[in-house]
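Could you walk me through this model in the viewer, one selection at a time? I'd like to know what to click on next and what I'll find there.

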Amino acid sequence: MTYLFNDPARFAADAVRGLAAAHPDHVAVVHGGVVRATETPAGQPALVIGGGSGHYPAFAGWVGPGMGHGAPCGNVFASPSASQVYSVARNAENGGGVILGFGNYAGDVLHFGAAAEKLRAEGVDVRIIKVSDDIISNTPENHRDRRGIAGDLPVFKIAGAAIEAGADLDEAERIAWKANDATRSFGVAFDGPTLPGAGEALFHVPDGQMGVGLGIHGEPGVRDEPIGTADEIATLLVEGLLAEQPERVEGGYQGRAAVLVNGLGTVKYEELFVVYAKVAELLEAAGITPVRPEVGELVTSLDMSGLSLTLVFLDEELERLWLAPADTPAFHRGSMTAAADRPRRTSFWEAGADEIPAASAESREVATRITSVLDLFEAVCAREEAELGRIDAIAGDGDHGQGMAFGSTGAAAAAREALEGGAGARTLLVRAGEAWSESAGGTSGALWGAALIAAGGVFADDAGADDSTTVRALDAGIDAIQRLGGAKVGDKTMVDAAAPFREELDSAFTGENAAEAILAAAEVACRAADATAEITASLGRARVLGEKSVGTPDPGAISFSILMKELGQHLS
């Protein structure tokens with residue numbers, strides 16, 4: 001379990017602050033994460049790599065010459081928010097454009113994508129690299145649609161080395177994708193991690209069993225098998241990866257591979273070395289030469305008990321970049337003497353506190369009522385946190401309850417602050433949405449934040465609202481969820497409850513009965529959410545669990561239906 005923390009909600013931020021204090025020559029804290037303590041050379045592409053906290057040394061531990069220029073750091077196992085990614089990128093970029101690198105998870109795709117759109121609108125050239133090395137999460141022909149696990153390290157190391165050697169944005173992007181396409185990972189877990197402040201692990205593996213095909217956010221394996229010896233586990237992992245070994249061709253792959261044996265948090269170094277001894281033997285028998293292998297805690301999952309094996313099938317170009325120098329808090333290779341002479345940063349970009357627009361008395365009255373709804377959502381999410389987390393540990397990755405609690409708390413606090421500043425309904429909802437996104441991170445944070453912002457667009461700061469406004473705001477929020485998330489009914493997501501809710505709401509609303517129509521729609525949403533228990537997930541993190549997700553409802557659909565029912569009761 002996670003023993004050392006103060007406030008669980010501040011765990012990620014406290015860890016970032018401590019990292020920067022321990023490594024002041026490497027990193028400096030900015031809003032949302034860390035950047036290099038030295039200036040990015042003018043015109044050099046900025047490699048911004050990030051994701052949820054709980055994976056150290058990923059990702060903040062890889063910021064420094066030869067690797068990343070900055071790292072947005074989300075909550076534990078939750079993607080950083082769009083505003084966090086944007087802030088880190090703004091502080092890292094210095095005229096050469098930005099590469100945003102992250103593991104291929106729905107929440108990261110949403111938040112990094114939103115930040116990229118904002119940067120592009122300001123004239124910054126942005127490229128996106130989604131690491132997708134986990135062989136268990138999709139088929140070989142769909143390699144770029146797999147999830148990212150320990151392959152983050154070699155992909156970002158190689159891309160960072162290319163940038164250090166003088167690659168421009170186009171070349172760095174090409175090499176990053178080349179590294180990703182050459183990288184494969186496979187892992188097993190013996191027990192799940194425990195979130196700070198939680199009393200129980202996100203999952204358990206039956207005694208004598210191991211979960212095959214783990215994820216790094218607390219996702220259990222896709223299947224359980226009897227636990228083997230170290231040699232048997234090494235054989236399972238090596239054989240799984242070699243099944244996708246590319247052909248050896250002149251000028252390309254020649255049977256040389258970067259090798260990573262990665263401990264997830266509880267499996268210790270001596271155990272990993274025992275596994276690597278067999279890995280090396282098996283690779284030699286297959287005619288593969290390991291190139292500068294790495295054995296240790298490389299991409300962790302808090303205190304998860306498990307390990308993974310990564311192979312990068314190298315050609316001459318990738319091998320040269322894999323061996324190139326780097327100097328970061330957690331990854332050192334060779335000498336970076338020239339980089340040490342770069343000027344230290346003396347100033348940082350900070351988001352200014354925008355003034356609250358003037359609002360009419362009628363709009364401020366609506367804002368007061370909206371604040372009471374967000375206060376209600378905060379209380380409900382706190383009440384349901386444990387149960388939502390329990391469901392998500394079976395049908396997802398275990399952090400949905402925590403994410404909803406963090407998001408609703410942030411949104412309610414932002415609403416109260418805006419209300420005290422005289423905000424009208426539109427401004428209050430937009431600020432609450434931004435706060436929900438940033439406080440929660442993850443897929444649910446992105447979607448609920450977008451929903452509140454879209455709902456805010458229906459209200460005005462200079463006018464009141466009626467029942468029709470409320471219904472149109474709900475419709476706009478659900479439209480944003482469907483449009484940004486890309487899910488449809490049957491994918492086993494929040495949309496399975498939101499879409500029938502929207503349909504029933506449109507049918508039941510007469511023009512003056514918003515509370516009754518919302519209650520009727522909420523009943524439909526509750527039944528639809530319960531029915532997701534019979535669906536096999538096909539989108540989001542739960543999709544890799546396949547049939548294991550059957551029998552448990554989708555936590556996003558459940559939380560949506562609960563909040564809509566509470567909203568209807570509150571309004572009536």
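Select Asp125 to begin: in this predicted model, Asp125 is partly exposed, at 39% relative accessible area. Now add Arg127, whose side chain meets that of Asp125 in a salt bridge, 3.0 Å from N to O. Is Arg127 buried or exposed? With a relative accessible area of 16%, Arg127 falls under the 20% cut-off and counts as buried.

That pair is part of a longer list, as a search of the whole structure turns up 31 salt bridges. Here are some others to click through.

**Arg256 and Glu319.** Show both side chains and you'll see a salt bridge of 2.7 Å, N to O. Arg256 sits in strand 11 (residues 256-263) and Glu319 in helix 8 (residues 316-323), so this pair ties together parts that are 63 residues apart in sequence. Color the two by exposure: Arg256 is partly exposed at 32%, while Glu319 is buried at 15%.

**Asp375 and Arg416.** The side chains here meet at 2.6 Å, N to O, in another salt bridge. It links distant parts of the chain, with Asp375 in helix 10 and Arg416 in helix 11, 41 residues apart. Asp375 is partly exposed at 29% relative accessibility, and Arg416 is partly exposed too, at 34%.

**A network.** Next, select Glu171, Arg174, Lys178, Asp315 and Glu317 together: salt bridges link these residues in a network.

**Strand 13.** Move on to residues 305-314, which make up strand 13. How many of its ten residues are buried? Ten of the ten are, so go ahead and hide whatever blocks your view. Turn the strand and look at its two sides: Ser305, Leu307, Leu309, Leu311 and Phe313 point one way, Gly306, Ser308, Thr310, Val312 and Leu314 point the other, and all are buried.

Now bring in the strands beside it. Strand 8 (residues 183-191) runs antiparallel to strand 13, and eight bridges join the two. To find your place along that pairing, click Gly187, which stands opposite Ser308 in strand 13. Strand 11 also pairs with strand 13 in the antiparallel sense, over eight bridges. A handy marker here is Ala257, whose bridge partner in strand 13 is Phe313.

**The nonpolar cores.** Switch to the helices and show nonpolar side chains. The largest nonpolar core has 58 residues, of which Phe501, Phe560 and Met564 touch the most other members. The elements giving two or more residues to this core are helix 10 (361-395), helix 11 (400-420), helix 12 (425-440), helix 13 (442-456), helix 14 (467-485), helix 15 (495-508), helix 16 (514-531) and helix 17 (555-571). Which helix gives the largest share? That's helix 10, with ten residues.

Zoom in on Phe560 next. Setting aside neighbours within four places in sequence, Phe560 is in contact with Trp448, Ile478, Met494, Ala497, Ala498, Phe501 and Ala525. There is also a second, separate core of 57 residues, and Ile158, Val205, Leu298 and Trp322 are among its members. As background, nonpolar side chains tend to be buried together in soluble globular proteins.

**The hairpin.** Head back toward the start of the chain and select residues 27-36. Strand 1 (residues 27-30) and strand 2 (residues 33-36) pair in the antiparallel sense over four bridges. Val29 is one residue to click, with Val34 in strand 2 as its bridge partner. The two strands form a hairpin with two residues between them, and Gly32 in the turn has a positive phi of about 95 degrees.

Keep strand 2 on screen and add strand 5 (residues 70-76). These two run antiparallel, joined by three bridges. Val35 has Gly70 as its bridge partner in strand 5.

**Last stop, Met1.** Select Met1, which is in the segment before helix 1 (11-22). Is Met1 buried or exposed? It is exposed, with a relative accessible area of 52%. Add Tyr3 and Leu4 and switch on the surface: together with Met1, these residues make a nonpolar surface patch of about 430 Å².

How values were computed:
Residues numbered from 1 in each chain as written. Predicted model: local features only at pLDDT ≥ 70, side-chain atom pairs only at ≥ 80, totals over all residues. Heavy atoms only, no water. Patch = residues over 30% accessible without salt bridge, like charges linked within 9 Å, V, L, I, M, F, W, Y side chains within 5 Å. Areas by Shrake-Rupley, 256 points an atom, 1.4 Å probe, with all protein chains shown as cover. Salt bridge = Lys/Arg side-chain N within 4 Å of Asp/Glu carboxyl O. Buried < 20%, exposed > 50% of the residue type's maximum accessible area, 1.4 Å probe, protein only. Pairing = 2+ DSSP bridges. Core = buried A, V, L, I, M, F, W, Y, C linked by side-chain atoms within 4.5 Å. Contact = heavy atoms within 4.5 Å.
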